[in-house]
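The following explanation moves from individual strands to the backbone and then to the aromatic rings. Please keep the sequence and the model in view while reading.

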Amino acid sequence: MGFEFSETMAGTVEWESDPGKRHPFRFDITAHADSVRHHLATGLADIRGTVYAPPRTRSAPAEGTITIRLLGEKVIRYVLSFAGDDGHTYELRGQKDISYLRPFATFTT
């Protein structure tokens with residue numbers, strides 16, 4: 001038995017090619033793992049969804065992985081790839097650092 005959940009994250013991104021300038025960024029994803037046992041052993045689940053990242057893309061399909069390690073490392077990591085309107089492939093790498101003293105802030109920011 002596996003699991004699935006959906007998530008939207010929105011904020012800003014600073015592209016390496018344009019340091020110091022923040023751009024709007026949002027993604028809507030669904031995470032899926034075929035096996036809870038495998039997920040618990042690896043922390044990994046597949047993610048698919050849509051990225052909204054002007055000026056790179058107005059809307060693009062995206063896929064990647066999410067690593068959920070709530071015990072020990074206390075992190076949620078995202079790796080998400082998408083094609084920009086310019087035909088180049090872009091990759092987002094992000095991380096939530098979990099603090100159980102501030103659960104609402106760290107699970108939602």
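The paragraphs below treat strands, backbone geometry and aromatic side chains in turn.

This is a predicted model, in which local features need pLDDT of at least 70 and side-chain atom pairs count only at pLDDT 80 or more, while totals for chains, interfaces and linings use all residues. Residues are numbered from 1 along each chain as its sequence is written, and side-chain values use heavy atoms, with hydrogens and water left out.

Strands are named here as DSSP runs (E, at least two residues), numbered from the N terminus. Ala 10 belongs to strand β1, which covers residues 3–14. Exposure is expressed as relative accessible area: buried means under 20%, exposed over 50%, and partly exposed in between, with a 1.4 Å probe and protein chains only. Ala 10 counts as exposed because its relative accessibility is 66%. With contact defined as heavy atoms within 4.5 Å, Ala 10 touches Phe 25 and Arg 26, residues up to four places away in sequence not being counted. The C-alpha atoms of Ala 10 and Val 51 are 9.9 Å apart in space, and the two residues are 41 apart in sequence.

Is Ala 31, in strand β2 (residues 22–33), buried or exposed? Ala 31 counts as buried, because its relative accessibility is 0%. Leaving aside residues up to four places away in sequence, Ala 31 touches Phe 3, Glu 4, Phe 5, Asp 46, Ile 47 and Ile 66. From Ala 31 to Pro 61 the C-alpha to C-alpha distance is 14 Å, with these positions 30 residues apart in sequence terms.

The backbone deserves separate attention. Most residues other than glycine have a negative phi, and most peptide bonds are trans. Pro 54 and Pro 55, however, are joined by a cis peptide bond with omega of about 10°. Pro 55 is found in the loop between β3 (44–53) and β4 (57–69). In the loop between β4 and β5 lies Lys 74, a residue other than glycine whose phi is positive, near 55°. Lys 74 counts as partly exposed, because its relative accessibility is 37%.

Strand β5 (residues 75–83) runs antiparallel to strand β6 (residues 89–97), and 9 bridges join them; two strands pair if DSSP finds at least two bridges between them. Within this pairing, Ser 81 stands opposite Glu 91 in β6. The two strands form a hairpin with 5 residues between them, and Gly 87 in the turn has a positive phi of about 90°.

The aromatic side chains complete the account. The structure holds 7 aromatic pairs. One is the stacked pair of Phe 3 and Phe 5, at 6.2 Å centre to centre and 5° between the planes. Rings of Phe, Tyr and Trp (its six-membered ring) pair if their centres lie within 6.5 Å; planes under 30 degrees apart count as stacked, over 60 as edge-to-face and the rest as tilted. Phe 3 is partly exposed at 23% relative accessible area, and Phe 5 is partly exposed at 27%. Phe 25 and Phe 27 form an edge-to-face pair, because their ring centres are 6.3 Å apart and their planes stand at 80°. Both Phe 25 and Phe 27 are buried. These two residues form one aromatic cluster with Trp 15, Tyr 78, Phe 82 and Tyr 90.

Finally, the charged end of Arg 26 sits over the ring of Tyr 52, 4.1 Å from its centre. A charge sits over a ring if NZ of Lys or CZ of Arg is within 6 Å of the ring centre and within 35 degrees of the ring normal.

Methods
Helices (H or I, at least four residues) and strands (E, at least two) are DSSP runs, numbered from the N terminus.
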